[in-house]
Amino acid sequence: MTTSTSLSQDELKTLVGQAALQYVVRGEIVGVGTGSTVNKFIDALAGMKDEIKGAVSSSVASTERLKALGIPVFDANEVESLAVYIDGADEIDGKGHMVKGGGAALTREKIVAALASRFVCIADESKLVAALGKFPLPVEVIPMAAQHITRRFAAMGGTASLRLKDGQPLVTDNGQHILDVTGLSIQDPLAFESEINQWPGVVTVGVFAHQKASVCLLGTAQGVKTLAY
Ligand code: 5RP
């Protein structure tokens, strides 16, 4: 698809949300992520709800939106595998590695992505980076470990801040907290993800390298570009 006029970020999100429909397998259950870009996808998916069995969702927010549009939502435990998982990203590099968790749903996103054969990332071009690390890295943590994990990030040059909502620590759908870490240089996303995930008290680190994107539908001023990894 090509366009000549300049599009707003919101319009780019709508474009990629609609473009993702081509990856939805008819008659099957689709994995659905979280965020403003995914909301556009969910809205578009409603137009073909009679052609799919339903969805597995990565957050309470997406579940509510899916159900409100009449799309059946299955528990992740009810499915053995999914053909495709569609989700946004806060950053994506040239190899399909991502940083995710800006919407605090990273743990469930990784779980649903793990069920899927294919991860289709939908993003506007502001999310494309040469190397991960520009966007503050979200890390879901067990609250009692937050200070210990903060010190461990400091030892590697990072500054971790507890994410707040309405002046209080944000509580995730899993009842945990989020640290947002700045100042990191993520040279080897695979090794970084493996290392941080084994720190005691880390529920999930927001680097998605082991479950990277297979395809990215990138919204650009020239239309939707498909990047395959
Ligand atoms: C939620 C996420 C989102 O996919 C990510 O934050 C991108 O969101 P948006 O589409 O609103 O820019 O990881 O946890």
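Is Thr172 buried or exposed? Work through the exercises below on this predicted model.

**Exercise 1. Place Thr172 and classify its burial.**

Step 1. Locate the residue. Thr172 sits in the loop between β11 (168–169) and β12.

Step 2. Apply the cut-off. Buried means under 20% relative accessible area. Thr172 has 6%, so Thr172 is buried.

Step 3. List the surroundings. Beyond four places in sequence, Thr172 is in contact with Ala104, Glu140, His177 and Ile178.

Step 4. Look for a polar partner. The side chains of Thr172 and Glu140 make a polar contact at 2.6 Å.

**Exercise 2. Describe strand β8, which carries Glu140.**

Step 1. Check burial. Of the 5 residues of β8, 5 are buried, so the strand is largely enclosed by the rest of the structure.

Step 2. Sort the side chains. Leu137, Val139 and Val141 point one way. Pro138 and Glu140 point the other way.

Step 3. Find the pairing with β12. β8 and β12 (residues 177–182) are antiparallel, with 5 bridges. Pro138 has Asp180 as its bridge partner in β12.

Step 4. Find the pairing with β13. Here 3 bridges join the strands, again in the antiparallel sense. Val139 has Val205 as its bridge partner in β13.

**Exercise 3. Which residues does Thr107 touch, leaving out those up to four places away in sequence?**

Step 1. Locate the residue. Thr107 belongs to helix α4 (residues 106–115).

Step 2. Classify it. Its relative accessibility is 10%, so Thr107 counts as buried.

Step 3. Read the contacts. Thr107 touches Glu140, Asn174, Val203 and Thr204.

Step 4. Pick out the polar contact. The Thr107 side chain meets the side chain of Thr204 at 2.7 Å.

**Exercise 4. Follow Val203 from its strand to the surface patch.**

Step 1. Locate Val203. The residue is in strand β13 (residues 202–205).

Step 2. Classify it. Val203 has a relative accessible area of 31%, so it is partly exposed.

Step 3. Read its contacts. Beyond four places in sequence, Val203 touches Thr107, Glu140, Val141, Ile142, Gln176 and Asn197.

Step 4. Take a C-alpha distance. Val203 and Gly175 are 28 residues apart along the chain, and their C-alpha atoms are 11 Å apart.

Step 5. Assemble the patch. Val203 joins Ile142 and Met144 in a nonpolar surface patch, with about 300 Å² of accessible area together.

Step 6. Inspect Met144. This residue lies in the loop between β8 (137–141) and α5 (146–155). Met144 is exposed, at 80% relative accessible area.

**Exercise 5. Which strands stand at the edges of the 7-stranded open sheet?**

Step 1. Write the order. The sheet runs β3-β2-β1-β4-β7-β15-β16, with mixed pairing.

Step 2. Identify the edges. β3 (73–74) and β16 (223–228) each have a single partner strand, so one side of each lacks a neighbour in the sheet.

Step 3. Examine one pair. β7 (residues 116–124) and β15 (residues 215–220) run parallel, joined by 5 bridges. Within this pair, Val120 has Val215 of β15 as its bridge partner.

**Exercise 6. Which elements do the buried residues of α1 pack against?**

Step 1. Name the buried residues. In α1 (residues 9–19) they are Leu12, Lys13, Leu15, Val16, Gly17 and Ala19.

Step 2. Trace the packing. These residues pack against helix α2 (36–45) and strands β7, β15 and β16.

Step 3. Link to the sheet. β7, β15 and β16 are among the strands in the order from Exercise 5.

Terms used. Residues are numbered from 1 along each chain as its sequence is written. This is a predicted model: local features need pLDDT of at least 70, side-chain atom pairs count only at pLDDT 80 or more; totals for chains, interfaces and linings use all residues. Side-chain values use heavy atoms; hydrogens and water are left out. Helices (H or I, at least four residues) and strands (E, at least two) are DSSP runs, numbered from the N terminus. Buried means under 20% relative accessible area, exposed over 50%, partly exposed in between (1.4 Å probe, protein chains only). A polar contact is a pair of N or O atoms within 3.5 Å; within protein, one must be able to donate a hydrogen and the other to accept it, and residues adjacent in sequence count only if both atoms are side-chain atoms. Contact means heavy atoms within 4.5 Å. Patches are made of residues with over 30% relative accessible area and no salt bridge: like charges are joined within 9 Å, nonpolar side chains (Val, Leu, Ile, Met, Phe, Trp, Tyr) within 5 Å. Accessible areas come from the Shrake-Rupley method with a 1.4 Å probe; for residues, only the protein chains shown count as cover. A salt bridge is a side-chain nitrogen of Lys or Arg within 4 Å of a carboxyl oxygen of Asp or Glu. Two strands pair if DSSP finds at least two bridges between them.
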